[in-house]
Amino acid sequence: MPAYWIAHVNVMDEESYAKYAKAATEPILAHGGKFLARGGRFVQLEGNERARNVVIEFPTLENAEACYRSDAYQAALEFARDASVRDLMVVEGA
């Protein structure tokens, strides 16, 4: 069953965050991730608005979690830690 990373992000340091995005792409793809939305237009209907929103489909919840916990993704995440405020969840599809 597919699973989805859903990230809501406010970027404070565009340069560092761009390094994160570049470095994170490889481990995401290596774990079967497919970008469905990556910073496109949005309409906030409820809750807290974040300027950047990302949705990535993975083959399974286990693939999505393994990607996040992988050494390659954790190394990429170092670029994002001080450059952004993020909420990230994995949701299993229906």
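In this predicted model, the charged end of Arg38 lies over the ring of Phe35, at 3.9 Å from the ring centre. Arg38 also has a polar partner: its side chain and that of Thr25 are joined by a polar contact of 2.9 Å. Thr25 belongs to helix H1. Apart from neighbours within four places in sequence, Thr25 is in contact with both Phe35 and Arg38. Thr25 therefore touches both members of the charge-over-ring arrangement, since contact means heavy atoms within 4.5 Å.

**Aromatic pairs**

The count of aromatic pairs comes to 6. Two of them are set out below, each described by the distance of the centres and the angle of the planes.

| Pair | Centre to centre | Angle between planes | Class |
|---|---|---|---|
| Trp5 and Phe58 | 5.2 Å | 50° | tilted |
| Tyr17 and Tyr20 | 5.0 Å | 50° | tilted |

The pair of Trp5 and Phe58 links distant parts of the chain: Trp5 is in strand E1 and Phe58 in strand E3, 53 residues apart. Trp5 and Phe58 are both buried.

Tyr17 and Tyr20 are both found in helix H1, which covers residues 14–30. Because they are 3 residues apart in this helix, about one helical turn separates them. Tyr17 has a relative accessibility of 6% and so counts as buried, the limit being under 20%. Tyr20, with a relative accessible area of 7%, is buried by the same limit.

The residues of both tabulated pairs belong to one aromatic cluster, formed by Trp5, Tyr17, Tyr20, Phe58, Tyr68 and Tyr73. Helix H1 supplies Tyr17 and Tyr20 to this cluster, while Trp5 comes from strand E1 and Phe58 from strand E3.

**Strand pairing**

Strand E1 (residues 3–11) runs antiparallel to strand E3 (residues 52–58), and 7 bridges join the two. Within this pairing, Trp5 has Ile56 of E3 as its bridge partner. Trp5 thus has two links to E3, because its ring pairs with that of Phe58 and its bridge partner is Ile56.

E1 is also paired with strand E4 (residues 84–92), again in the antiparallel sense, over 9 bridges. There His8 stands opposite Asp87 of E4. In a regular strand the side chains alternate between the two faces of the sheet.

Methods
Residues are numbered from 1 along each chain as its sequence is written. This is a predicted model: local features need pLDDT of at least 70, side-chain atom pairs count only at pLDDT 80 or more; totals for chains, interfaces and linings use all residues. Side-chain values use heavy atoms; hydrogens and water are left out. Two strands pair if DSSP finds at least two bridges between them. Helices (H or I, at least four residues) and strands (E, at least two) are DSSP runs, numbered from the N terminus. Rings of Phe, Tyr and Trp (its six-membered ring) pair if their centres lie within 6.5 Å; planes under 30 degrees apart count as stacked, over 60 as edge-to-face and the rest as tilted. Buried means under 20% relative accessible area, exposed over 50%, partly exposed in between (1.4 Å probe, protein chains only). A charge sits over a ring if NZ of Lys or CZ of Arg is within 6 Å of the ring centre and within 35 degrees of the ring normal. A polar contact is a pair of N or O atoms within 3.5 Å; within protein, one must be able to donate a hydrogen and the other to accept it, and residues adjacent in sequence count only if both atoms are side-chain atoms.
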